[in-house]
Amino acid sequence: MKKKSVTSHDVARLAGVSQSAVSRTFSPDAKVSDKTRKKVMEAARQLGYRPNTIARSLITRSSRTIAVVVYSLENPFYSYMLEKASRFFKQQGYHLLLFSASSSDGFDDVLDDILRSQVEGILMLAITLNDDQAALVCDYGIPVVIINRTVDYAGISQVACDNFQGGYWAGRHLVSLGHRRIAYLSGLVDSSTDIQRRAGFVEGLASMGAALHDSGIGHYQYTSACQATRLLFASTTPPDALFAANDLMAIAAMEVIQSEFCLKVPEDVSVIGFDDVPMAAWPSHSLTTLQQPVQTMIMRATELLLAQIDQPDTPPQQITLPVTPMLRGSVRRPSGDINDT
């Protein structure tokens, strides 16, 4: 026979408190004394009680759920960001629903599913919105925050790092080390992050009297980056330095450079990445990179989204945060006192 479900009234009777006290105990924003909370939690443990969040959402008209939309978790940067976001929202009593888009601009693929899920807000990790999509989301009245992408639409909150300045630093730094055949390994060429990083990189080279030697397209993916690196270094004039638009591609490039072309990093080729994922600091990689302030990005995005949920009239914001160069062993030592800042 099917076991009868334990209700909040059962917990209340065992704990010797009111049913409303049980409800408050399991409501993130409600106040309840430590003594009451302890009695309720012990009674719930004994009875095997689990609060019905679906039923509560019907009563309160609050699902306490946030949709997170991602393109790919192959890039460890987004896995890292997702883990940080989960912790932040959990602290505020929210749950995350993960939606995977088929491409970096594939928001249409998941929009219907998001609307059916009755989420209270949308957090987008590296998903590109066009103006029509942004306007549609605003019409539905769902708060949205985009992380690590920018969109030319004032009604959407956005949190990103200073991609241009990061690329600018990389270009100047590689020239300051004496490199002249400097290549760029791009991600998704139509994404705001890649456009801004490449533009900054080219301008940084130009400010030092240099120009881009060659480029390849790695689509922000490991396999594609390996193939693009093979094409670059099969040239009769291969690069002597490489700036990759993310760490995953930079690591892929280093492996190809060393294992397939028998070149040394950094003695023969210097490599710089972007993101500063945890594996970039591993001794086997020791990757020089531009660190995105993940903790701050997630915190600001979380604050923006929750503020817009609590107060729908909260104006959207566009926040740009600085990047930090992380100097490690994948670039050669400076050959002189050239200023690369």
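Modeller: A residue counts as exposed when its relative accessible area is over 50%, as buried when that area is under 20%, and as partly exposed in between. Please keep in mind that this is a predicted model.

Biologist: Thanks! Why does R87 count as exposed?

Modeller: R87 has 52% relative accessibility. The cut-off is over 50%, so R87 counts as exposed.

Biologist: And why does E83 count as partly exposed?

Modeller: Its value is 30%. Partly exposed covers what lies between under 20% and over 50%, so E83 belongs in that class.

Biologist: What makes E83 and R87 a salt bridge?

Modeller: The closest N and O atoms of E83 and R87 are 2.5 Å apart. The rule asks for a side-chain nitrogen of Lys or Arg within 4 Å of a carboxyl oxygen of Asp or Glu, and therefore the pair qualifies. In general, side chains of opposite charge can pair when their charged atoms come close.

Biologist: Where do E83 and R87 lie?

Modeller: Both are in helix 5, residues 76-91, and four residues separate them, which is about one turn of the helix.

Biologist: How many salt bridges does this rule give?

Modeller: The count is five. One of them joins R13 and D10, with 2.5 Å between the closest N and O atoms. These two residues are three apart in helix 1, residues 8-15, which means that about one helical turn separates them. R13 counts as exposed, because its relative accessibility is 61% and the cut-off is over 50%.

Biologist: What makes E260 and R230 a salt bridge?

Modeller: Their closest N and O atoms lie 2.8 Å apart, and the limit is within 4 Å, so E260 and R230 form a salt bridge. This pair links distant parts of the chain, 30 residues apart: R230 is in helix 10 (residues 222-233), while E260 is in the loop between helix 11 (247-259) and strand 9 (270-275). E260 has a relative accessible area of 41% and is partly exposed. R230, at 30%, counts as partly exposed too.

Biologist: Let's turn to the rings. How many aromatic pairs does the structure hold?

Modeller: It holds seven aromatic pairs.

Biologist: Why is the pair of F77 and Y78 called edge-to-face?

Modeller: The ring centres of F77 and Y78 are 5.2 Å apart and the planes stand at 70°. Rings pair when their centres lie within 6.5 Å, and planes over 60 degrees apart count as edge-to-face, so both conditions are met by F77 and Y78.

Biologist: Do tell me about another one. What makes the pair of F89 and Y94 edge-to-face?

Modeller: Here too the planes are at 70°, with centres 6.5 Å apart, so F89 and Y94 form an edge-to-face pair.

Biologist: Are these four residues buried or exposed?

Modeller: Buried. F77 has 0% relative accessibility and Y78 has 10%, whereas F89 has 0% and Y94 has 6%. The cut-off for buried is under 20%, so each value fits that class.

Biologist: Which residues do ring pairs link into a cluster?

Modeller: Y184, F201 and F243 are joined in that way.

Biologist: Now the backbone. What is notable about phi of H219?

Modeller: Phi of H219 is near 55°, a positive value in a residue other than glycine. H219 sits in the loop between strand 7 (214-217) and helix 10, and with a relative accessible area of 34% it is partly exposed.

Biologist: How about C262? Where does C262 lie?

Modeller: C262 is in the loop between helix 11 and strand 9. Its phi is positive as well, about 55°, although C262 is not a glycine.

Biologist: Why is C262 exposed?

Modeller: Its relative accessible area is 65%, and the cut-off is over 50%, so C262 counts as exposed. P266 is also placed in the loop between helix 11 and strand 9, and the peptide bond from V265 to P266 is cis, with omega near 15°.

Biologist: Finally, what about the chain as a whole?

Modeller: The chain has 12 helices and 12 strands. Of its 341 residues, 49% count as buried.

Notes
Residues are numbered from 1 along each chain as its sequence is written. This is a predicted model: local features need pLDDT of at least 70, side-chain atom pairs count only at pLDDT 80 or more; totals for chains, interfaces and linings use all residues. Side-chain values use heavy atoms; hydrogens and water are left out. Buried means under 20% relative accessible area, exposed over 50%, partly exposed in between (1.4 Å probe, protein chains only). Rings of Phe, Tyr and Trp (its six-membered ring) pair if their centres lie within 6.5 Å; planes under 30 degrees apart count as stacked, over 60 as edge-to-face and the rest as tilted.
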